[in-house]
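Reader: I am new to protein models and would like to learn how to read one. Could you take me through it feature by feature?

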Amino acid sequence: LTILGSYDQGVLSDSDHGLLAILTFLFAVVAVLVVALNALIAVLSDSYARVQENAVANRRKERTELIVEYLSILPARKRRAIEQKTRYFHALLEADEDGDLLINKDDWEGGL
């Protein structure tokens, strides 16, 4: 009941139209609660949308860091052999209009 703040109950009961005062007060409290929850949902939705915008780039960055870490663990002789074999890498993969690879088209990335 923090949203109610401090109020004097006597004002509601002592008014000439007590029932109308109580109903108006309840309507105002519910309206403020709905507006506050709507604002909270809007902020969370905006944050989620911003995170989803960078999801592909973040996924690629994480994958690259894993590859670099894996190669740094390997002995130098084996790493050089891998680097010689994979000097050129060609792949035919499906991409969207922006050129981002479609790893799994069924993955839901948020938003409706």
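**Reading the helices and their surfaces**

Author: Let us start from a single residue, Arg 80, which is found in helix 4, the stretch of residues 76–85. Please keep in mind throughout that this is a predicted model.

Reader: Is Arg 80 buried or exposed?

Author: Arg 80 is exposed, because its relative accessible area is 52% and the cut-off for exposed is over 50%. Arg 80 also belongs to a positive surface patch, which it forms together with Arg 77, Lys 78 and Lys 85.

Reader: How many helices and strands does the protein chain have?

Author: The protein chain has four helices and zero strands, and if you follow the sequence from its start you read the pattern α-α-α-α.

Reader: In which helix is confidence highest, and in which is it lowest?

Author: Confidence is highest in helix 2, residues 18–53, with a mean of 88, and lowest in helix 1, residues 9–14, with a mean of 74. For the protein chain as a whole the average pLDDT is 79, and 79% of the residues score at least 70.

Reader: What percentage of the residues count as buried?

Author: Of the 112 residues in the protein chain, 3% count as buried. A nonpolar example from the surface is the patch of about 390 Å² that Leu 19, Ile 22, Leu 23 and Leu 26 make. Within that patch, Ile 22 has its place in helix 2, and Ile 22 counts as partly exposed because its relative accessibility is 38%.

Reader: Now I would like to understand charged pairs. How many salt bridges does the structure hold?

Author: The general idea is that side chains of opposite charge can pair when their charged atoms come close. In this structure there are two salt bridges. One of them joins Arg 50 to Asp 46, with 3.2 Å between the closest N and O atoms.

Reader: Why are Arg 50 and Asp 46 separated by about one helical turn?

Author: They are separated by about one helical turn because Arg 50 and Asp 46 are four residues apart in helix 2. Arg 50 is partly exposed, with a relative accessible area of 47%, and Asp 46 is also partly exposed, at 44%.

Reader: Which side chains meet in a salt bridge at 3.5 Å, N to O?

Author: Those are the side chains of Glu 65 and Lys 61. Both residues lie in helix 3, residues 55–73, where they are four residues apart, about one turn of the helix. Glu 65 is partly exposed, with a relative accessible area of 38%.

Reader: Finally, how should I read a residue that comes after the helices, and where does Asp 100 lie?

Author: Asp 100 lies in the segment after helix 4, and it counts as partly exposed because its relative accessibility is 23%. It is useful to compare separation in sequence with separation in space: Asp 100 and Ala 57 are 43 residues apart in sequence, and their C-alpha atoms are 9.2 Å apart in space.

How values were computed: Residues are numbered from 1 along each chain as its sequence is written. This is a predicted model: local features need pLDDT of at least 70, side-chain atom pairs count only at pLDDT 80 or more; totals for chains, interfaces and linings use all residues. Side-chain values use heavy atoms; hydrogens and water are left out. pLDDT is the predictor's confidence in each residue, from 0 to 100. Helices (H or I, at least four residues) and strands (E, at least two) are DSSP runs, numbered from the N terminus. Patches are made of residues with over 30% relative accessible area and no salt bridge: like charges are joined within 9 Å, nonpolar side chains (Val, Leu, Ile, Met, Phe, Trp, Tyr) within 5 Å. Accessible areas come from the Shrake-Rupley method with a 1.4 Å probe; for residues, only the protein chains shown count as cover. A salt bridge is a side-chain nitrogen of Lys or Arg within 4 Å of a carboxyl oxygen of Asp or Glu. Buried means under 20% relative accessible area, exposed over 50%, partly exposed in between (1.4 Å probe, protein chains only). Lys and Arg count as positive and Asp and Glu as negative; His and the chain ends are not counted. The place of a charge is taken as NZ of Lys, CZ of Arg, CG of Asp or CD of Glu.
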